[in-house]
Amino acid sequence: MVGGLSTMESKEYPGKLTPFVVLTCLVAATGGLIVGYDIGISGGVTSMDPFLMKFFPSLYRKEKQNQSSNQYCTFDSQILTTCTSSLYLAALVASFFASSVTRIFGRRWSMLAGGVSFLVGAALNGAAQDVFMLIFGRILLGIGVGFIGQSVPLYLSEMAPAKLRGMLNITCQLMITIGIFSANLINYGVSKIEAGWGWRLSLALAAVPATIITIGSLFLPDTPNSLIERGHDEKAKEILRKIRGTDDILEEYSDLVAAGKDSKKTRHPWINIVKRKYRPHLTMAILIPFFQQLTGINVIMFYAPVLFKTLGFGSNTSLMSAVIIGLVNVCATFVSIGTVDRLGRRLLFLQGGFQMLACQIILGTLIAIKFGTTGEGTIPKTYAAFMVLFICIYVAGFAWSWGPLGGTLVPSEIFPLEIRSAGQSINVSVNMLFTFVVAQTFLPMLCHFKFGLFYFFAGWVIVMTIFIALFLPETKNVPIEKMILVWKAHWFWNKFIPDKNEHVSTKEMAMI
Ligand code: BGC
């Protein structure tokens, strides 16, 4: 079966969705705010003249004196892109350290570390006097993003009851989109401050979400899985009773203990994850975030204002368009929240893929018609409005498919406990690496590939959609510690999974 287990074979433990689990998940998911705030803030800030004048005066002069009519190349500046993307390199490195903290000390300590680092980074950026302070601040923000991105999705997937895991996990992506949207709004608001210090406010306000997650993590309980992994079995039972709202937790508890046994034996998750039996997991941990970034989403998220300026929009309209796109991103994420545990992961991935593909082809063609290969031309208002519309449809497609599913949900639910923390680190680092690559290469690529850049990303969307159709099993409603069953039932991956497994009874294996 290409899609994995049927719903008949998925499993339910007793218990309900308690207010306690909703509250803890909401607090943890605010970690997503800091990730999103940063994604949304940099593009807008770097399109503000006072910011450019202070930190990148030569670029500012170049932009003002730009006599060239080639619109594709106006913003091509190495130092600007390096500043934007330095954060993602820091996050990449940090997520590997986060893996050990998350595993050895528990999920919440990683969240706390992430919050504190982000807080200091925000202060440095708001007060920045020169490029070095700016970049140093961004590195601290990056460390925060690495720790939060590594721990929050795991936390959510482990706290949630299996049948609502998709919904609860996606609250993290929802917070990312709210973070991006708030940043777009704030950029739009502060750009109106005449005195020119608005960018400081934009950057310093990152401290607000950082404070929430920092304080929040001090009060959050750790997940039952992590408590068992660290030998606190009684505490794990107590938390499990509380989050499931029932005393009837024995079945789930013993499954978690069985999953924990393997994990305790595993001293080196990094060596473990390359074993043959984890090949499906490793492949997904690498390819899913890689593909997610190759949808080209961050071209829009980082550079929407710059891109619109390039296309001839005024500064104000550019920032406003970014706000509209940010709002579509938030609203469309709700579609995913409402459907992912019913329609399943695969259907959303495939539908979203087709939608993004159609929009990219249309957008590339619209730009080609107006700017051709020379980059010369201007676009009329209605034409520009159409472009914004197709960007919105593209973003919506991403926001109910690759955004939540590729960003946090699928990678955080497919790993067995013994490699979960390491697997999630790989996911975050690959995501950050390719976020970095896209951020770093977009402006030069636009200058060289021109409108073809949209076709380039469209090509990748075709590849990833075929990949999902063939290789991703359906994981909806499957308890996280029984995930092995979906691989065993898959036409391609089954040969990698041994017939005997401690997490699953022979009866369950035989049912496949
Ligand atoms: C991605 C980010 C992206 C965001 C957009 C996340 O899942 O990892 O790179 O900017 O979605 O909403």
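The questions below concern the ligand site and one arginine in a predicted model. Local features here need pLDDT of at least 70 and side-chain atom pairs count only at pLDDT 80 or more, while totals for chains, interfaces and linings use all residues. Residues are numbered from 1 along each chain as its sequence is written, and side-chain values use heavy atoms, with hydrogens and water left out.

Q: Why is R244 called buried?
A: A residue counts as buried under 20% relative accessible area, as exposed over 50% and as partly exposed in between, with a 1.4 Å probe and protein chains only. R244 has 3% relative accessibility, and therefore counts as buried.

Q: What makes the pair formed by the side chain of R244 and the backbone oxygen of A160 a polar contact?
A: A polar contact is a pair of N or O atoms within 3.5 Å, where within protein one must be able to donate a hydrogen and the other to accept it, and residues adjacent in sequence count only if both atoms are side-chain atoms. A polar atom of the R244 side chain lies 3.4 Å from the backbone oxygen of A160.

Q: Which distances place N298, N329 and N431 in polar contact with the ligand?
A: From a ligand oxygen atom to a side-chain N or O atom, the distance is 2.5 Å for N298, 3.0 Å for N329 and 3.2 Å for N431.

Q: What is the make-up of the shell around the ligand, by nonpolar, polar and charged residues?
A: Ala, Val, Leu, Ile, Met, Phe, Trp, Tyr, Cys and Pro count as nonpolar, Asp, Glu, Lys and Arg as charged, and the others, Gly among them, as polar. On this division the shell holds four nonpolar, nine polar and no charged residues.
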